[in-house]
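Q: Please pick one part of this model and take me through it closely. I'd like to hear what it sits against, and then what turns up around it.

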Amino acid sequence: MKVLSMIQPWATLLVQGETLYETRSWKTRHRGPLAIHASQKVDKQACKYEPIRSLLAKNGYTEQNLPTGVILATCELTNCYQVIDINHTSAILDCGKVVTGEDFLLGDYSPGYFAWEIAGFRLLKPYIPVKGKLGLWEYPIDEDKDSSRVTKTLSH
């Protein structure tokens with residue numbers, strides 16, 4: 001399965017369904033199953049700011065207890081849109097969608113960046129400890145065979 005490594009708290013906020021998009025400076029042609037990996041790094045400054053602190057607390061997390069070095073969840077990468085315009089409170093994607101609110105606050109919507117649309121999160125328990133990599137990388141996850149790992153499905 002394709003895997004995307006993310007710095008915390010962004011990985012947890014994504015898999016907890018707090019945002020519809022993961023923003024990247026690069027696009028992908030991949031569509032379909034994707035696993036989300038939390039890297040070893042935690043952006044401690046981001047964890048202190050609102051609404052991030054409150055969103056983490058709502059899900060039982062703080063800067064100190066965020067999981068790192070593990071695959072947190074699987075999901076479906078459904079689309080990849082380019083950011084074509086931005087102002088102080090919203091971004092416009094090349095598909096015509098407008099990103100506002102927490103989705104906007106939780107991403108980097110610089111013009112030319114890409115919003116990866118992700119849905120159908122399946123949280124893994126226990127998490128899968130593994131070292132991350134840059135870009136999309138492969139890791140053998142067979143959800144059908146290891147269905148005991150999947151404990152909670154989130155959709156937007």
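A: Let's settle on strand β4, starting with its partnership with strand β7 (residues 114-129): the two run antiparallel and share ten bridges. Strands here are DSSP runs of E with at least two residues, helices are runs of H or I with at least four, and both are numbered from the N terminus. Two strands count as paired if DSSP finds at least two bridges between them. Before going further, keep in mind that this is a predicted model, where local features need pLDDT of at least 70 and side-chain atom pairs count only at pLDDT 80 or more, while totals for chains, interfaces and linings use all residues. Residues are numbered from 1 along each chain as its sequence is written, and side-chain values use heavy atoms, leaving out hydrogens and water.

Back to β4 and β7. For a fixed point in the pairing, look at Cys-80, which stands opposite Trp-116 in β7. A salt bridge ties in here too: Glu-76 is linked to Arg-122, with the closest N and O atoms 3.5 Å apart. That pair connects distant parts of the chain, Glu-76 being in β4 and Arg-122 in β7, 46 residues apart. By salt bridge I mean a side-chain nitrogen of Lys or Arg within 4 Å of a carboxyl oxygen of Asp or Glu. The two ends don't share an exposure class: Glu-76 is partly exposed because its relative accessible area is 29%, while Arg-122 is buried at 17%. The classes work like this: buried is under 20% relative accessible area, exposed is over 50%, and partly exposed is in between, with a 1.4 Å probe and protein chains only. While you're on β7, have a look at Pro-126, which also sits in that strand; the peptide bond joining Lys-125 to Pro-126 is cis, with omega about -5°.

Now for β3. Strand β3 (residues 32-42) pairs with β4 (residues 70-86) in the antiparallel sense over seven bridges. Gly-32 is one of the residues to find there, and its bridge partner in β4 is Leu-77.

β4 also carries cysteines, so to speak of sulfur for a moment: because a disulfide is a covalent bond between the sulfur atoms of two cysteines, sulfur positions are what to check. The cut-off here is a pair of cysteine sulfur atoms within 2.5 Å. The tally for the structure is zero disulfides. Cys-75 is in none, and its nearest cysteine sulfur, belonging to Cys-80, is 13 Å away. Cys-75 is counted as buried because its relative accessible area is 0%.

Next, follow the chain out of β4. A hairpin of four residues joins β4 to β5, and these two strands pair in the antiparallel sense over three bridges. Ile-86 stands opposite Ala-91 in β5. In the loop between β4 and β5 you'll find Ser-90, which counts as buried because its relative accessibility is 12%. Leaving aside residues up to four places away in sequence, Ser-90 touches Asp-85, Val-98, Val-99, Thr-100 and Phe-104, a contact being heavy atoms within 4.5 Å.

Just past the loop, Ile-92 belongs to strand β5 (residues 91-93). Ile-92 counts as partly exposed because its relative accessibility is 32%. Together with Ile-84 and Val-98, Ile-92 makes a nonpolar surface patch of about 250 Å². Patches are built from residues with over 30% relative accessible area and no salt bridge, joining like charges within 9 Å and nonpolar side chains (Val, Leu, Ile, Met, Phe, Trp, Tyr) within 5 Å. The areas come from the Shrake-Rupley method with a 1.4 Å probe, and for residues only the protein chains shown count as cover.

Finally, swing round to the stretch leading into β4. Glu-63 lies in the loop between α3 (52-58) and β4. Its contacts, again without residues up to four places away in sequence, are Val-42, Lys-44, Cys-47 and Lys-48. Among them, Lys-48 is 15 residues from Glu-63 in sequence and 7.9 Å away, C-alpha to C-alpha. Cys-47, another of those contacts, is buried because its relative accessible area is 5%.
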